[in-house]
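Visitor: Please take a close look at one single part of this model with me. I would then like to follow what lies around it, step by step.

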Protein chains: 2
Amino acid sequence: MSAEQPQQAVVLVSGGLDSATVLAIARSRGFDVYALSFDYGQRHAFELEAARRVCAANSVERHVIFPLDLRVFGGSALTADMPVPKDRSDEQMSAGIPITYVPARNTIFLSVALGWAEALSARDIFLGVNAVDYSGYPDCRPEFLDAFARLADLGTKVGVEGTGTWTIHAPLISLTKAEIIRQGRALGVDYSITHSCYDPDESGRPCGRCDSCRLRLKGFAEAGLEDPLAYPLW
Amino acid sequence: MSAEQPQQAVVLVSGGLDSATVLAIARSRGFDVYALSFDYGQRHAFELEAARRVCAANSVERHVIFPLDLRVFGGSALTADMPVPKDRSDEQMSAGIPITYVPARNTIFLSVALGWAEALSARDIFLGVNAVDYSGYPDCRPEFLDAFARLADLGTKVGVEGTGTWTIHAPLISLTKAEIIRQGRALGVDYSITHSCYDPDESGRPCGRCDSCRLRLKGFAEAGLEDPLAYPLW
């Protein structure tokens with residue numbers, strides 16, 4: 001890809017640490033970014049405010065917040081009236097599929113991204129999935145992403161016309177949280193405007209105790225850096 | 001599957017002739033039906049009224065009309081401000097991908113169905129795609145559906161836990177429109193409550209001239225039956 005002909009990419013932006021890093025990576029690779037966030041009824045809707053901030057800070061071509069209310073189906077602590085687990089150990093977090101798993105969420109998000117990307121004539125989609133810290137989520141695994149790329153090749157115009165193939169970019173998939181943070185910092189990502197907590201207080205302040213907060217804090221600690229977010233004092 | 005233990009299935013119901021037939025087939029195979037329709041900004045929103053009628057006539061367990069506004073992305077005559085083609089010949093209809101193709105629509109619809117089905121602990125999804133009359137749509141082909149089933153196996157809990165596999169049922173995929181109509185009639189489908197037109201008038205009356213109307217009328221003619229819908233007089 002030459003600098004004279006920037007390509008378009010749809011980037012899934014949740015407003016969290018990972019997707020903010022992925023957005024910076026897509027920009028650093030020369031892509032014009034079409035950012036896609038989902039208002040899916042998540043209890044941590046503060047992340048959409050973070051998504052807006054992250055997109056504003058990164059000169060995206062367009063930012064769409066797509067309404068897609070998964071609460072109608074339930075089945076997850078993030079979309080139904082279930083408590084979010086707190087204070088789980090590393091062992092607990094890596095054992096089995098957590099109840100914060102949202103049924104088929106990444107399949108749904110990637111599919112909508114595919115629709116937008118095809119309408120744009122783009123062939124690249126970026127997302128911040130990670131198979132190290134989220135080993136319990138079936139839809140964060142490399143084999144899932146490979147299967148999605150194959151599906152995209154078959155299910156869109158390029159598959160009939162033979163005019164190209166899709167690339168699903170998951171640049172964080174094999175990185176630790178500390179490695180992600182170091183790479184983001186090197187690219188100038190401002191993590192103070194991101195949001196990771198599954199269960200923030202009314203002002204949007206992170207709980208510091210859910211799986212997402214714990215992974216984030218551990219990542220900053222291992223990277224030898226301080227998380228710029230303000231956590232409660234324990 | 002025994003009659004004593006009905007299984008659950010999510011059935012995509014557009015309100016058209018094909019999906020009404022598929023719903024009847026799913027019921028005839030003993031499934032409890034969870035019907036899913038999409039309000040995706042289609043210009044032929046009358047089909048949602050038809051979807052309601054079809055579900056009411058078929059004792060479904062639940063009918064969800066899921067808002068998913070694809071107009072934000074455009075790219076199709078069904079979701080953007082483009083004219084719907086009329087009076088095309090069979091040759092024209094079978095040449096290339098028509099502009100009524102909605103980017104990644106079946107991928108998106110199947111993904112949302114997958115999310116609901118997983119939340120229900122179902123393993124079966126039915127849809128009315130057809131590879132005979134819609135040969136130009138990439139996401140109506142058997143290889144696309146096979147790829148989606150593979151994706152579903154990898155991207156949901158069963159893929160990690162090894163507790164089952166998904167079945168994507170497309171019972172109409174190799175039938176002609178006439179064969180679909182005959183099968184539906186044998187199952188007691190009332191086609192007078194269905195809606196197929198891409199471009200109905202203000203009262204919901206079909207145009208009789210778009211690809212969808214022409215395929216429907218041709219199907220009834222070849223089946224030796226009369227379409228119960230009222231068309232304009234030419």
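**A serine in a loop**

Guide: B:Ser121 sits in the loop between α4 and β4 (124–126) of chain B, where helices are DSSP runs of H or I with at least four residues and strands are runs of E with at least two, numbered from the N terminus. This is a predicted model, in which local features need a pLDDT of at least 70, side-chain atom pairs count only at pLDDT 80 or more, and totals for chains, interfaces and linings use all residues. Residues are numbered from 1 along each chain as its sequence is written, while chains are lettered from A and ligands numbered from 1 in the order in which they are written.

What draws attention to B:Ser121 is its positive phi of about 65°, although the residue is not a glycine. Most residues other than glycine have a negative phi. With 13 other C-beta atoms within 10 Å, B:Ser121 is partly exposed; a residue is called buried if 20 or more other C-beta atoms, placed from the backbone, lie within 10 Å of its own, exposed if there are 12 or fewer, and partly exposed in between.

Chain A has a serine to set beside this one, for A:Ser121 is placed in the loop between α4 and β4 of chain A, and its phi is positive too, near 65°. A:Ser121 has 14 C-beta neighbours inside 10 Å and therefore counts as partly exposed.

Just before the loop comes the helix, since A:Ser121 follows α4(A). Helix α4 of chain A covers residues 105–120, and its 16 residues should span 22 Å at 1.5 Å a residue, which agrees with the 23 Å between its end C-alpha atoms; the expected span is 1.5 Å times one less than the number of residues. Most of α4(A) is covered, with 15 of its 16 residues buried.

On the far side of the loop we reach strand β4 of chain A (residues 124–126), which runs parallel to strand β1 (residues 8–12) and is joined to it by three bridges; A:Val11, for instance, has A:Phe126 as its bridge partner in β4(A). Two strands are said to pair if DSSP finds at least two bridges between them. These strands belong to an open sheet of five in chain A, in the order β3-β2-β1-β4-β5, with parallel pairing. Its edges are β3 (62–67) and β5 (167–169), each of which pairs on one side only. Neighbouring strands of the sheet are turned by 25° against each other on average, direction ignored, the axes being lines fitted to C-alpha atoms.

In chain B, strand β1 (residues 8–12) pairs with β2(B) in the parallel sense over five bridges, and B:Val10 has B:Tyr34 as its bridge partner in β2(B). Strand β2 of chain B (residues 32–39) has six of its eight residues buried, so it is largely enclosed by the rest of the structure.

The helix before the loop also matters for how the chains meet. The contact takes 37 residues from chain B and 38 residues from chain A, two residues being in contact if their C-beta atoms, placed from the backbone, lie within 7 Å. On the chain B side, β3 (62–67), α4 (105–120), α5 (142–155) and α6 (157–161) each supply at least two residues, and α4(B) gives the most, with 10 residues. The residues of this side divide into 22 nonpolar, nine polar and six charged; Ala, Val, Leu, Ile, Met, Phe, Trp, Tyr, Cys and Pro count as nonpolar, Asp, Glu, Lys and Arg as charged, and the others, Gly among them, as polar.

Because 100% of the interface residues of chain B are also interface residues in chain A, the copies meet through the same surface. A turn of 180° and a shift of 0.0 Å along the axis lay chain B on chain A with an RMSD of 0.0 Å, so the two copies are related as by a two-fold rotation axis. The superposition is by least squares on the C-alpha atoms of residues with pLDDT of at least 70 in both copies.

To place the loop within a whole chain, note that the secondary structure of chain A comes to eight helices and five strands, running β-α-β-α-β-α-α-β-α-α-β-α-α from the N terminus on. Of the 234 residues of chain A, 51% count as buried.

Definitions and conventions:
Axes fitted to C-alpha atoms, helices over the stretch in contact; angles between N-to-C directions.
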